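This briefing concerns a predicted model. Please consult the sequence and the coordinates alongside the notes that follow.

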Amino acid sequence: MKKPLLIVFTLLSVLAAASVAQAERMSVKADIANVRSGPNTSDAVIWQVEKYHPLNVVRSQGDWCLFEDFEGDRGWIHRSLLVATKTVIVKKNKCNVRSGPGTGNAILFTVDKGVPFKVLEEKGKWLHVIHADGDKGWIHRSLLW
């Protein structure tokens, strides 16, 4: 009796891992996009996200995508508002954005948790990023999702 339960548990674990692994990484292309409680414009707007906000699409329903963000929050967004551009979001408070890829470079500005960026290039563990307002700089990968 234990062996069939173990097989079922293993199969469910593999399927769950596969569905997470197949999540499609997308980012918001609109300046501001509504996140809704369901896959329809009649569903409530539960929050808004800004340009370059990265998200993992969990599943699609027609032109709508159920997604999960860097904090594990879920919501629905229309696919027309998304693009497959490499973006990141700051996951810590008070992160330095520098003039070059290393702590020896000048701090250009500081950002808080939740600020999204488009990735321009990578050098080791550093990413050259740009914000929707045009601010550019380098930030360490460990500070990002």
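Is A106 buried, partly exposed or exposed? A106 is partly exposed, with a relative accessible area of 46%; buried means under 20% relative accessible area, exposed over 50%, and partly exposed in between (1.4 Å probe, protein chains only). The model is predicted: local features need pLDDT of at least 70, side-chain atom pairs count only at pLDDT 80 or more, and totals for chains, interfaces and linings use all residues. Residues are numbered from 1 along each chain as its sequence is written, and side-chain values use heavy atoms, with hydrogens and water left out.

**Confidence**

- The chain has a mean pLDDT of 89 (pLDDT being the predictor's confidence in each residue, from 0 to 100), and 85% of its residues reach 70 or more.
- Over residues 5-21 pLDDT stays under 50, and the model has zero contacts (heavy atoms within 4.5 Å) beyond four places in sequence for this segment.

**Overall architecture**

- One helix and 13 strands are present in the chain; these are DSSP runs numbered from the N terminus, with helices being H or I of at least four residues and strands E of at least two.
- The helix comes at the start of the order of elements, which runs α-β-β-β-β-β-β-β-β-β-β-β-β-β from the N terminus on.
- Of the 145 residues in the chain, 33% are buried.
- Among contacts between residues at least 6 apart in sequence, 49% join residues at least 24 apart.
- The accessible surface of the chain comes to about 8,500 Å², with 54% of it belonging to carbon and sulfur atoms; the areas come from the Shrake-Rupley method with a 1.4 Å probe, and for residues only the protein chains shown count as cover.

**Surroundings of A106**

- A106 lies in the loop between β9 and β10.
- Leaving aside neighbours within four places in sequence, A106 is in contact with V97, R98 and S99.
- Although A106 and G137 are 31 residues apart along the chain, their C-alpha atoms are separated by 10.0 Å.

**Salt bridges**

- The count comes to six salt bridges, each defined as a side-chain nitrogen of Lys or Arg within 4 Å of a carboxyl oxygen of Asp or Glu.
- One of them joins E68 and R74, with the closest N and O atoms 3.0 Å apart; E68 is partly exposed at a relative accessible area of 29%, and R74 is partly exposed at 44%.
- Another pairs K86 with E122 at 2.7 Å between the closest N and O atoms.
- The K86 and E122 pair links distant parts of the chain, 36 residues apart: K86 is in the loop between β7 (82-83) and β8 (87-89), and E122 is in strand β11 (residues 116-123).
- Both partners are partly exposed, K86 at a relative accessible area of 44% and E122 at 38%.
- D112 and K94 also meet in a salt bridge (3.5 Å, N to O).
- This pair likewise links distant parts of the chain, 18 residues apart, with D112 in the loop between β10 (107-111) and β11 and K94 in the loop between β8 and β9 (95-98).
- D112 is partly exposed at a relative accessible area of 33%, whereas K94 is exposed at 61%.
- Salt bridges that share partners join K86, E122 and R141 into one network.

**A buried charge without a salt bridge**

- D69 is found in the loop between β5 (64-68) and β6 (74-78).
- D69 is buried yet has no salt bridge, and the nearest side chain of opposite charge, R74, is 8.8 Å away; Lys and Arg count as positive and Asp and Glu as negative, while His and the chain ends are not counted.
- Beyond neighbours within four places in sequence, D69 is in contact with W47, H53 and W145.
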